[in-house]
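These are my notebook entries on one protein chain. I set down what I looked up, entry by entry.

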Amino acid sequence: MLMFLFLVVALAVVVAAVTLAVVGGGESGPLPEAAPERLDDPLPPDRPVGRADVDALRFPLAVRGYRMADVDDALGRLGAEIAERDARIADLEAALAGARASGHTHIRPAEGEPQ
């Protein structure tokens, strides 16, 4: 009987300690919510993304790998910049071809490009 009483008292102490830890005790109030670890976007918003920016990109780990939303955002941003660069290259190539066709000979071809 004494052993049963000891176990009940020990269980009550453990429950009280856990309750105080979770609910909080005294002036400090309940424990604050932990902020989720989020991607601190190292991709520069004020200039085009460079190779070094992509090399420095690190995603915070989640329970089962990486946070899908963080990876999707970064890939979307990179995809948009690549599409913008491709469009700019196409415009410049079209302008160069038009200038060559109209007879402007003062435009030098790029290194490695046929004349």
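**Entry 1: order of elements**

I read the elements along the sequence and found the pattern α-α-β-β-α. I therefore recorded three helices and two strands, each being a DSSP run. I note at the outset that the model is predicted.

**Entry 2: the chain as a whole**

I looked up how much of the chain is covered. Of its 115 residues, 10% are buried. The chain exposes about 9,800 Å², and carbon and sulfur atoms supply 64% of that area. I also looked up the contacts between residues at least 6 apart in sequence, and 37% of these join residues at least 24 apart.

**Entry 3: helix α1**

I checked the length of helix α1, which covers residues 2-23. At 1.5 Å a residue, its 22 residues should span 32 Å. The C-alpha atoms at its ends are 31 Å apart, so the model agrees with the expected span.

I then asked how many of the 22 residues of α1 are buried. The count is zero, and I describe α1 as hardly covered.

Next I looked up the nonpolar surface patch made by Leu2, Leu5, Val9 and Val13. The area of this patch is about 410 Å². I took one of its members, Val9, for a closer look. Valine 9 is found in helix α1. Its relative accessibility is 46%, so valine 9 counts as partly exposed. The limit for "exposed" is over 50%, and the limit for "buried" is under 20%.

I add a general remark on the spacing of residues in a helix. An α-helix has 3.6 residues a turn, so residues three or four places apart point the same way.

**Entry 4: the nonpolar core**

I looked up which residues make up the largest nonpolar core. There are five: Leu43, Val49, Leu57, Ala74 and Leu78. I followed the contacts of alanine 74, leaving aside its neighbours within four places in sequence. Alanine 74 is in contact with Leu43, Leu57 and Phe59. Of these partners, Leu43 and Leu57 are also listed in the core.

**Entry 5: aspartate 53 and helix α2**

I searched the whole structure for salt bridges and found four. I began with the one between aspartate 53 and arginine 47, in which the closest N and O atoms are 2.9 Å apart.

Is each partner buried or partly exposed? Aspartate 53 counts as buried because its relative accessibility is 11%, whereas arginine 47 counts as partly exposed at 43%.

Aspartate 53 is found in helix α2, residues 51-56. Not counting residues up to four places away in sequence, aspartate 53 touches Leu43, Pro44, Arg47 and Pro48. One of these, Leu43, belongs to the largest nonpolar core.

I then turned to arginine 51 and aspartate 55, whose side chains meet in a salt bridge of 3.2 Å, N to O. The two residues are four apart in helix α2, so about one helical turn separates them. Arginine 51 counts as exposed because its relative accessibility is 67%. Aspartate 55 is partly exposed, with a relative accessible area of 39%.

**Entry 6: helix α3**

I looked up the salt bridge that arginine 77 forms with glutamate 81, and its closest N and O atoms are 3.3 Å apart. Arginine 77 and glutamate 81 are four residues apart in helix α3, so they too are separated by about one helical turn. Arginine 77 is partly exposed, with a relative accessible area of 23%. Glutamate 81 counts as buried because its relative accessibility is 15%. Salt bridges that share partners join Arg77, Glu81 and Arg85 into one network.

I therefore looked at arginine 85 as well, which has a relative accessible area of 40% and is partly exposed. Arginine 85 lies in helix α3, residues 68-101.

Which residues does arginine 85 touch, not counting residues up to four places away in sequence? I found Pro48 and Val49. Arginine 85 and proline 48 are 37 residues apart along the chain, and their C-alpha atoms are separated by 9.5 Å. The other partner, Val49, is a member of the largest nonpolar core. Pro48 appears a second time in my notes, among the residues that aspartate 53 touches.

Terms used
Residues are numbered from 1 along each chain as its sequence is written. This is a predicted model: local features need pLDDT of at least 70, side-chain atom pairs count only at pLDDT 80 or more; totals for chains, interfaces and linings use all residues. Side-chain values use heavy atoms; hydrogens and water are left out. The expected span of a helix is 1.5 Å times one less than its number of residues. Buried means under 20% relative accessible area, exposed over 50%, partly exposed in between (1.4 Å probe, protein chains only). A nonpolar core is a set of buried Ala, Val, Leu, Ile, Met, Phe, Trp, Tyr and Cys residues joined through side-chain atoms within 4.5 Å. Contact means heavy atoms within 4.5 Å. Patches are made of residues with over 30% relative accessible area and no salt bridge: like charges are joined within 9 Å, nonpolar side chains (Val, Leu, Ile, Met, Phe, Trp, Tyr) within 5 Å. Accessible areas come from the Shrake-Rupley method with a 1.4 Å probe; for residues, only the protein chains shown count as cover.
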